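This report describes selected features of a single protein chain, taking helices, packing and charged pairs in turn. The sequence and structure are shown first.

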Amino acid sequence: YYDSGAPEKSISAYTKSIELKPGNTSVLVDMGVMYRELKEYDKALDSFRKALAINPKHEHALFNTGVVFFFDLKQKEEALKAWRELVKINPNAKAPSGQLVSKLIQDIS
């Protein structure tokens, strides 16, 4: 459902998956991405926060947290905070475009 662009069905499947196997950070992050697709930004951030509570170094959760704050909620400082944390963990972290996150930070700071 995720790859076919069906966010509602994805969220339903991810919810069931979490019920069966709580604590799966990858499922939580993917669910957050689907909530973002639906413009449910608070729920997206909640999913990313849950993943980060389990694994504070989850790179995709940190990157996507920054995406929601920067692009959707227009909270630049919160986005930078998430992305800086990501760069601390992995100085070579890249955005899906291939751009280094450190360069992204530099460009918007």
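## Buried serines, helix packing and salt bridges

Ser47 lies in helix H3, which spans residues 41-54. The model is predicted, and every value in this report was computed from it. Ser47 has a relative accessible area of 4% and counts as buried, because buried means under 20% relative accessible area. Leaving aside residues up to four places away in sequence, Ser47 touches Leu28, Met31, Gly32 and Tyr35.

A second serine may be described in the same terms. Ser10 belongs to helix H1, residues 7-20, and is likewise buried, its relative accessible area being 2%. Beyond residues up to four places away in sequence, the contacts of Ser10 are Tyr1, Tyr2 and Met34.

Ala53 is also part of helix H3. Its relative accessible area is 66%, so Ala53 counts as exposed, the cut-off for exposed being over 50%. The C-alpha atoms of Ala53 and Leu38 are 23 Å apart, with the two positions 15 residues apart along the chain.

**Packing of H3 and H4**

Two packed helices are described by the angle between their axes and the distance between the axes. For H3 and H4 the angle is about 155° and the axes are 9 Å apart. H3 is therefore roughly antiparallel to H4, since angles over 145 degrees count as roughly antiparallel. The crossing of the two helices, H3 and H4, is left-handed. On the H3 side the contact is made by Tyr41, Ala44, Leu45, Phe48, Arg49, Ala51 and Leu52. On the H4 side it is made by Ala61, Leu62, Asn64, Thr65, Val68, Phe69 and Asp72.

**The nonpolar core**

Which residues touch the most other members of the largest nonpolar core? They are Phe48, Phe63, Trp83 and Val101, in a core of 33 residues. Two or more residues of this core come from each of H1, H2, H3, H4, H5 and helix H6 (101-108). H2 gives the most to the core, with seven residues. Phe48 also appears in the contact between H3 and H4.

Val101 touches Phe63, Trp83, Leu86, Val87, Ala93, Lys94 and Ala95, not counting residues up to four places away in sequence. Phe63 and Trp83, two of these contacts, are themselves among the core residues named above.

**Salt bridges**

Side chains of opposite charge can pair when their charged atoms come close. The whole structure contains five salt bridges, and the table includes three of them.

| Pair | Closest N to O distance |
|---|---|
| Arg36 and Asp72 | 2.5 Å |
| Glu40 and Lys43 | 3.2 Å |
| Glu85 and Lys88 | 3.4 Å |

Arg36 and Asp72 form a salt bridge that links distant parts of the chain: Arg36 is in helix H2 (residues 25-37) and Asp72 is in helix H4 (residues 59-72), 36 residues apart. Arg36 is partly exposed, at 29% relative accessibility. Asp72 also takes part in the contact between H3 and H4.

In the pair formed by Glu40 and Lys43, Glu40 has a relative accessibility of 29% and counts as partly exposed. Lys43 is partly exposed too, with a relative accessible area of 44%.

How far apart are Glu85 and Lys88 in helix H5? They are three residues apart in this helix, which covers residues 76-89, and so are separated by about one helical turn. The side chains of Glu85 and Lys88 meet in a salt bridge. Glu85 is partly exposed at 32% relative accessibility, whereas Lys88 is exposed, with a relative accessible area of 64%.

**Asp30 in helix H2**

Asp30 is located in helix H2. With a relative accessible area of 28%, Asp30 is partly exposed. Apart from residues up to four places away in sequence, Asp30 touches Tyr2 and Tyr14. Tyr2 is also one of the contacts of Ser10. The C-alpha atoms of Asp30 and Ala93 are separated by 18 Å, and the two residues lie 63 residues apart along the chain. Ala93, in turn, is among the residues that Val101 touches.

Note on methods
Residues are numbered from 1 along each chain as its sequence is written. This is a predicted model: local features need pLDDT of at least 70, side-chain atom pairs count only at pLDDT 80 or more; totals for chains, interfaces and linings use all residues. Side-chain values use heavy atoms; hydrogens and water are left out. Helices (H or I, at least four residues) and strands (E, at least two) are DSSP runs, numbered from the N terminus. Buried means under 20% relative accessible area, exposed over 50%, partly exposed in between (1.4 Å probe, protein chains only). Contact means heavy atoms within 4.5 Å. A salt bridge is a side-chain nitrogen of Lys or Arg within 4 Å of a carboxyl oxygen of Asp or Glu. A nonpolar core is a set of buried Ala, Val, Leu, Ile, Met, Phe, Trp, Tyr and Cys residues joined through side-chain atoms within 4.5 Å. Axes are lines fitted to C-alpha atoms, for helices over the stretch in contact, and angles run from 0 to 180 degrees between N-to-C directions. Angles under 35 degrees count as roughly parallel, over 145 as roughly antiparallel, 65 to 115 as roughly perpendicular and the rest as oblique. A crossing is left-handed if the near helix is turned anticlockwise from the far one by less than a right angle, and right-handed if clockwise.
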